[in-house]
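Reader: I keep meeting labels for parts of a protein model. Could you show me how each label is earned?

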Amino acid sequence: MTAPDLLAQAQAAGRQALSEFEAKRLLSGYDIPFAAEREAADPAAACAAARKIGFPVAVKGCGEAFTHKTELALVALDLADTDAVAKAAEAVLGRMQGRGSLLVQAMVPGRREFLLGMHRDPQYGPLVTFGLGGVFAEAIDDVALRLAPLGERDAHAMLAETRAGALLDDVRGMARVDRPALVAAILGMSRLGVERAEVAAVDVNPLIATDDGRIVGVDALVLLARP
């Protein structure tokens, strides 16, 4: 399904958000990379998905109603075998009470966490954000902001003006982050903000930099504008 079709279908159903799986499908088309993952309907399908992805994996609840999965205990991490996956899948499905599916995702090792987002201001339009991510992102509040559309110079400036930018070079044995890929992701978020008026806000957090320098998104939220 194309991005316009996906968004139009969600809006026609009166939804306020995409599921995490749908959000990642949309954002992947805008040069934002994500970890390998598969959607599953039940524990058996989750175990099959985990075997195809390779262990360890995470199991998450997936549905437009679950925008804060951690707080709802809908995330199980570092599952090393099918027994652990099956138990986690049963627990997550029980907490969702039949209102969603499962998402089985490869674990991404990395100590550097960033956030990348977009918010559609009613007066100024789409504003792109980049900064330190993870569970303490709001407390740390290290974010650069630019009004879309952005050029490469804007993206590089955003990296330079945050404390997060200091983590992009060689740090404590971790390789230099792939800056071209990170800049491409920032520019992709800018294009999304310009091209898709149906999207009110996007949050990719965390966007992990692996120790070998790759950037990989592991969670994504897309909120929809009212038609």
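Reader: How do you know that the length of helix α7 agrees with its number of residues?
Author: Helix α7 covers residues 179-195, 17 residues in total. The expected span is 1.5 Å times one less than the number of residues. That gives 24 Å, and the end C-alpha atoms are 24 Å apart, so the two agree. The model is predicted: local features need pLDDT of at least 70, side-chain atom pairs count only at pLDDT 80 or more, and totals for chains, interfaces and linings use all residues. Residues are numbered from 1 along each chain as its sequence is written, and side-chain values use heavy atoms, with hydrogens and water left out.

Reader: What makes something a helix or a strand here?
Author: Both are DSSP runs, numbered from the N terminus: helices are H or I with at least four residues, strands are E with at least two.

Reader: Which residues of α7 are buried, and what do they pack against?
Author: Buried means under 20% relative accessible area, exposed over 50%, partly exposed in between (1.4 Å probe, protein chains only). Among the buried residues of α7 are L182, V183, I186 and L192. The buried residues pack against elements including α2 (20-28), β5 (112-121) and β8 (199-209). Contact means heavy atoms within 4.5 Å.

Reader: Why is D78 called exposed?
Author: Its relative accessible area is 52%, and the cut-off is over 50%, so D78 counts as exposed. D78 sits in strand β3. Its phi is positive, about 55 degrees, although D78 is not a glycine.

Reader: And why is A73 called partly exposed?
Author: A73 has 36%, which falls between 20% and 50%, so the middle label applies. A73 lies in the loop between β2 and β3. Its phi is also positive, near 60 degrees.

Reader: How do you know that β2 and β3 pair?
Author: Two strands pair if DSSP finds at least two bridges between them. Strand β2 (residues 57-62) and β3 have 3 bridges, in the antiparallel sense. V57 has L79 in β3 as its bridge partner.

Reader: What is the order of strands in the open sheet, and why are β1 and β3 called edges?
Author: The order is β1-β4-β2-β3, with antiparallel pairing. β1 (37-40) and β3 (75-79) each have a single partner strand, so one side of each is left without a neighbour in the sheet.

Reader: Where are the cis peptide bonds from F55 to P56 and from N205 to P206?
Author: P56 lies in the loop between α3 and β2, and omega of the F55 to P56 bond is near 0 degrees. P206 is in strand β8, with omega near 5 degrees for the N205 to P206 bond.
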